[in-house]
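Me: I have a structure open and would like to learn how to read it. Where should we begin?

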Amino acid sequence: MANLVVHFEIHASEPQKVIDFYSDLLGWKFQDYGGGEQPYWVIETGEGAIGNAAGQPGLGINGGLTQRNGPGPDIGAPVNGCNIVVGVDDVDGLMRRGIELGGTEALPATDWPGIGRGGYLLDPDGNVFGLITPVLSDGTVAMGAGAEA
């Protein structure tokens with residue numbers, strides 16, 4: 001197995017609020033994995049799957065959402081743990097939509113030469129996540145297939 005990230009988890013104080021946010025913003029599907037003492041939802045992000053351990057190009061990963069056990073992150077505090085970055089077609093549009101859905105801008109959409117265009121949001125529970133595309137605001141492809149030298 002290639003040492004690839006194959007799963008991620010989001011912790012939420014109000015799981016349904018966060019489920020609604022990511023479902024509406026990114027089209028992710030959530031399935032209750034049984035409830036019990038520690039509620040857990042499996043997240044299907046699209047073509048992602050834990051079975052993609054071979055790391056085939058174009059396939060991402062799926063994840064899970066669980067009830068937060070303790071206080072949420074403080075606004076303005078440094079990131080404590082990992083965050084996810086989601087590859088999208090329209091960073092600017094999704095940043096605007098994320099704010100409409102109750103998210104907060106953490107880092108505005110910006111062109112990063114040699115990388116692409118990206119920005120960061122806080123979801124309604126204060127979890128930071130990024131959005132990125134290899135296409136700069138002028139239409140130039142900065143990274144990956146079709147990148148201009």
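Reply: With one helix. This is a predicted model. In helix 2, the buried residues are Val91, Gly93, Leu94, Met95 and Gly98.

Me: What covers the buried residues of helix 2?

Reply: The cover includes helix 1 (15–26), along with strand 6 (104–112), strand 7 (116–122) and strand 8. Just after helix 2, Gly102 has a positive phi of about 110°.

Me: How are two packed helices described?

Reply: By the angle between their axes and the distance between the axes. Here helix 1 and helix 2 pack at an angle of about 150°, and their axes are 10 Å apart. Angles over 145 degrees count as roughly antiparallel, so helix 1 is roughly antiparallel to helix 2. The crossing of helix 1 past helix 2 is right-handed.

Me: Which residues make the contact?

Reply: Helix 1 contributes Phe21, Asp24, Leu25 and Leu26, while helix 2 contributes Leu94, Arg97 and Gly98. Four of these contact residues are nonpolar, one is polar and two are charged.

Me: How do I read a nonpolar core?

Reply: In soluble globular proteins, nonpolar side chains tend to be buried together. The largest nonpolar core here has 23 residues, of which Tyr22, Leu26, Trp28, Leu65 and Leu131 touch the most other members. Elements that each supply at least two residues of this core include strand 1 (7–12), helix 2 (91–100) and strand 8 (128–133).

Me: Which helix gives the largest share of this core?

Reply: Helix 1, with six residues.

Me: And what does Leu65 touch?

Reply: Not counting residues up to four places away in sequence, Leu65 touches residues including Ile10, Val18, Ile19, Phe30, Trp41 and Ile43.

Key: Residues numbered from 1 in each chain as written. Predicted model: local features only at pLDDT ≥ 70, side-chain atom pairs only at ≥ 80, totals over all residues. Heavy atoms only, no water. Core = buried A, V, L, I, M, F, W, Y, C linked by side-chain atoms within 4.5 Å. Buried < 20%, exposed > 50% of the residue type's maximum accessible area, 1.4 Å probe, protein only. Helix = DSSP H or I, 4+ residues; strand = E, 2+ residues; numbered from the N terminus. Contact = heavy atoms within 4.5 Å. Axes fitted to C-alpha atoms, helices over the stretch in contact; angles between N-to-C directions. Parallel < 35°, antiparallel > 145°, perpendicular 65-115°, else oblique. Left-handed = near helix turned anticlockwise from the far one by under 90°. Nonpolar A, V, L, I, M, F, W, Y, C, P; charged D, E, K, R; others polar.
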